[in-house]
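Here are some exercises to help you find your way around a new structure. Try each task with the model open, then walk through the solution.

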Amino acid sequence: MSRRPIWVISGWTLLALLGLLLAAGVALIYAGTLPGRPAPRPGDRVLVDPGHGGIDSGCHWDQLFEKDLTLRMAVLVKNRLEEAGVPAFLTRSSDRDLDPLEPSIRGRHQRDLQARAELARQVRPVAMVSLHVNAGTGERLSGAMVFYQAQSPESRRLAALILEELRNVVPGNQNGILSADFYLLRSVPHPTVLVEAGFLTTARDRATLTSPDGQERIAEAVATGILAYLRGQAAPIPSDRPSLAPALGGFGRDRLEPDTDGCGS
Ligand SMILES: [Zn+2]
């Protein structure tokens with residue numbers, strides 16, 4: 001009985017292994033380009049901004065602070081984007097503000113916002129999403145809202161695509177997109193939106209905003225909207241709210257203050 005030379009067997013085994021590796025590589029490459037997945041262009045990156053931080057707690061409800069909720073949601077959004085192959089950055093990843101302590105700029109909150117805008121100018125993101133949580137008086141106001149840059153059709157498209165997803169997770173009478181003159185929106189020269197994920201003062205919204213499951217669903221919705229934006233998807237219409245008037249109250253005065261959201265310190 002003849003025996004094959006041992007090197008022949010090793011050669012075929014090696015070939016088989018190489019074939020398997022090649023097939024796995026092709027499968028991985030293909031999986032990254034399946035239809036429906038975003039195809040990020042080189043340089044595409046998203047900046048996620050957890051609102052407030054450090055001494056600035058934002059809104060609060062008992063011991064629940066906006067700054068903590070926004071950070072948790074922002075980390076989840078960043079993870080979702082990176083899972084989809086989109087580089088994502090946070091303006092902060094811990095409980096701190098971005099106040100550069102430059103005495104030449106008046107006001108700690110103003111310095112914090114300017115630092116966030118400056119960071120955006122350095123990162124040059126294809127989109128910036130600032131995450132916030134709202135507060136109203138009593139239980140009258142509910143639902144997610146997204147604010148966009150008045151002069152930017154791309155900012156409006158981003159806002160509409162995020163809201164389209166988010167309104168299913170945090171439904172309510174304030175669902176809508178609106179242009180706003182907040183400092184961050186007028187200072188960042190890239191498509192930027194400010195998401196108010198829901199009202200901490202309303203029980204149903206609060207349950208979603210504060211539960212791990214709710215935060216996951218909010219982050220998933222925001223990330224899905226961002227990915228639709230990156231794919232070039234058109235904005236759903238109509239999505240602008242006809243007017244702020246039905247929602248105005250104590251809330252409206254805060255909302256229209258130019259340099260902060262409704263929970264600025
Ligand atoms: Zn806020």
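**Exercise 1. Charges over rings**

Task: Find which charged end sits over the ring of F65, and which sits over the ring of W61.

Solution: This is a predicted model, so treat the positions as computed ones. Start at F65: the charged end of K67 sits over its ring, 6.0 Å from the ring centre. Next, go to W61, where the charged end of R206 lies over the ring at 3.9 Å from its centre. While you are looking at rings, note that a search of the whole structure gives one aromatic pair.

**Exercise 2. The chain as a whole**

Task: Work out how many helices and strands the protein chain has, and what share of its residues is buried.

Solution: First, count the elements: the chain has eight helices and eight strands. Second, turn to burial: of its 265 residues, 49% are buried. Third, consider the surface, which comes to about 13,200 Å², with 60% of it belonging to carbon and sulfur atoms. Finally, look at contacts between residues at least 6 apart in sequence: 80% of these join residues at least 24 apart.

**Exercise 3. Into the nonpolar core**

Task: Say how many residues the largest nonpolar core has, and which element gives the largest share.

Solution: Begin with the general idea. In soluble globular proteins, nonpolar side chains tend to be buried together. Here, the largest nonpolar core has 45 residues, and L81, I162 and I226 have the most contacts inside it. Among the elements that give two or more residues to this core are β1 (46–50), α2 (66–83), α4 (153–169) and α7 (212–230). The largest share, 10 residues, comes from α7. Now zoom in on I226: leaving aside neighbours within four places in sequence, I226 is in contact with V46, V77, L81, V129, L158 and I162.

**Exercise 4. A strand and its partners**

Task: Decide whether β8 pairs with β5 in the parallel or the antiparallel sense, then do the same for β8 and β6.

Solution: Take β5 first. β5 and β8 pair in the parallel sense, over six bridges, and V129 stands opposite V193 in β8. Then take β6. β6 and β8 pair in the antiparallel sense, over four bridges, and here Y148 stands opposite V193. One last step concerns burial: eight of the eight residues of β8 are buried, so this strand is largely enclosed by the rest of the structure.

**Exercise 5. Three loop residues**

Task: For D44, H52 and R124, find out where each lies and whether it is buried or exposed.

Solution: Let's take them in order.

- D44 is in the loop between α1 (6–31) and β1. With a relative accessible area of 8%, under the 20% cut-off, D44 is therefore buried. Not counting residues up to four places away in sequence, D44 touches P87, V126 and L230.
- H52 lies in the loop between β1 and β2 (60–61). The relative accessible area of H52 is 4%, so H52 is buried as well. Its phi is near 65°, a positive value in a residue other than glycine.
- R124 is found in the loop between α3 (108–123) and β5. The phi of R124 is also positive, near 50°, again in a residue other than glycine. At 57% relative accessibility, over the 50% cut-off, R124 counts as exposed.

Definitions and conventions. Residues numbered from 1 in each chain as written. Predicted model: local features only at pLDDT ≥ 70, side-chain atom pairs only at ≥ 80, totals over all residues. Heavy atoms only, no water. Phe/Tyr/Trp six-rings, centres within 6.5 Å; stacked < 30°, edge-to-face > 60°. Lys NZ or Arg CZ within 6 Å of the ring centre and 35° of its normal. Core = buried A, V, L, I, M, F, W, Y, C linked by side-chain atoms within 4.5 Å. Buried < 20%, exposed > 50% of the residue type's maximum accessible area, 1.4 Å probe, protein only. Contact = heavy atoms within 4.5 Å. Areas by Shrake-Rupley, 256 points an atom, 1.4 Å probe, with all protein chains shown as cover. Pairing = 2+ DSSP bridges.
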